[in-house]
Amino acid sequence: GHGAVQNGRQRMTSQRNYIEELTNKVEAGKKAGQSLSEVQNRIPVKSIHALQADGYGELVFPHRDEAAMQSAVNTNIEHVYNRLGKS
């Protein structure tokens, strides 16, 4: 795992919310015919509500500036984009 041991379900719930929200946004872009780079450009970190809720963004991206966070999110977007539609 990454980071300290967590008690309770909040981090797991926040992670699920992030993955679901990101997947929905990426899927919508892909269905609209957008390329990977277009999808990445249309999903700024500030637009991802799950990263803003309950301090989750700071927990998973501690002390990172927005550009570093966006780079990490873009990597996540790429993984989701490439896996959509595969069995």
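A helix here is a DSSP run of H or I of at least four residues, numbered from the N terminus. By that count, Ser 14 lies in helix H1, which covers residues 10-31. The model is predicted, and the account below starts with the whole chain before returning to single residues.

The chain has five helices and zero strands. Read from the N terminus on, its elements run α-α-α-α-α. The radius of gyration is 13 Å, close to the 12 Å that the globule rule gives for 87 residues, so the chain is as compact as a globular protein of that length. Along its principal axes, the C-alpha trace spans about 40 × 30 × 20 Å.

Next, surface and contacts. Of the 87 residues in the chain, 28% are buried. The accessible surface comes to about 6000 Å². Carbon and sulfur atoms hold 49% of that surface. Now take the contacts in the chain with a separation of 6 or more: residues 24 or more positions apart account for 67% of them.

Back to helix H1, and to Ser 14. Its relative accessible area is 6%. The cut-off for buried is under 20%, so Ser 14 counts as buried. What does Ser 14 touch, once its neighbours within four places in sequence are set aside? The partners are Ala 50, Asp 54 and Tyr 56.

Gln 15 is also found in helix H1. Its relative accessibility is 40%, so Gln 15 counts as partly exposed. Gln 15 and Gly 57 are 42 residues apart in sequence. In space, their C-alpha atoms are 9.8 Å apart.

Further along, Ala 28 has its place in helix H1 too. Ala 28 is partly exposed, with a relative accessible area of 47%. How far apart in space are Ala 28 and Tyr 56, C-alpha to C-alpha? The distance is 24 Å, for a sequence separation of 28 residues. Tyr 56 has already appeared, as a contact of Ser 14.

Lys 30 brings in a ring. This lysine lies over the face of Tyr 81, at 4.5 Å from the ring centre. Lys 30 can also be placed against Asn 82, a residue of helix H5. The two are 52 residues apart along the chain, and their C-alpha atoms are separated by 9.9 Å. Asn 82 itself is partly exposed, with a relative accessible area of 37%. As for ring against ring, the structure holds zero aromatic pairs.

Helix H5 covers residues 66-83, and Gln 70 has its place there. Is Gln 70 buried or exposed? Its relative accessible area is 17%, so Gln 70 is buried. Leaving out residues up to four places away in sequence, Gln 70 touches Gln 40, Ile 43, Pro 44 and Val 45. With Val 45, there is a polar atom pair to look at. A polar atom of the Gln 70 side chain lies 2.8 Å from the backbone nitrogen of Val 45. The cut-off for a polar contact is 3.5 Å between N or O atoms.

To review the residues visited: Ser 14 in helix H1 is buried at 6%, and Gln 70 in helix H5 is buried at 17%. Gln 15 at 40%, Ala 28 at 47% and Asn 82 at 37% are partly exposed.

Key: Residues numbered from 1 in each chain as written. Predicted model: local features only at pLDDT ≥ 70, side-chain atom pairs only at ≥ 80, totals over all residues. Heavy atoms only, no water. Phe/Tyr/Trp six-rings, centres within 6.5 Å; stacked < 30°, edge-to-face > 60°. Lys NZ or Arg CZ within 6 Å of the ring centre and 35° of its normal. Helix = DSSP H or I, 4+ residues; strand = E, 2+ residues; numbered from the N terminus. Buried < 20%, exposed > 50% of the residue type's maximum accessible area, 1.4 Å probe, protein only. Polar contact = N/O pair within 3.5 Å; in protein donor to acceptor, adjacent residues only side chain to side chain. Contact = heavy atoms within 4.5 Å. Rg over C-alpha atoms; globule rule 2.2 N^0.38 Å. Areas by Shrake-Rupley, 256 points an atom, 1.4 Å probe, with all protein chains shown as cover.
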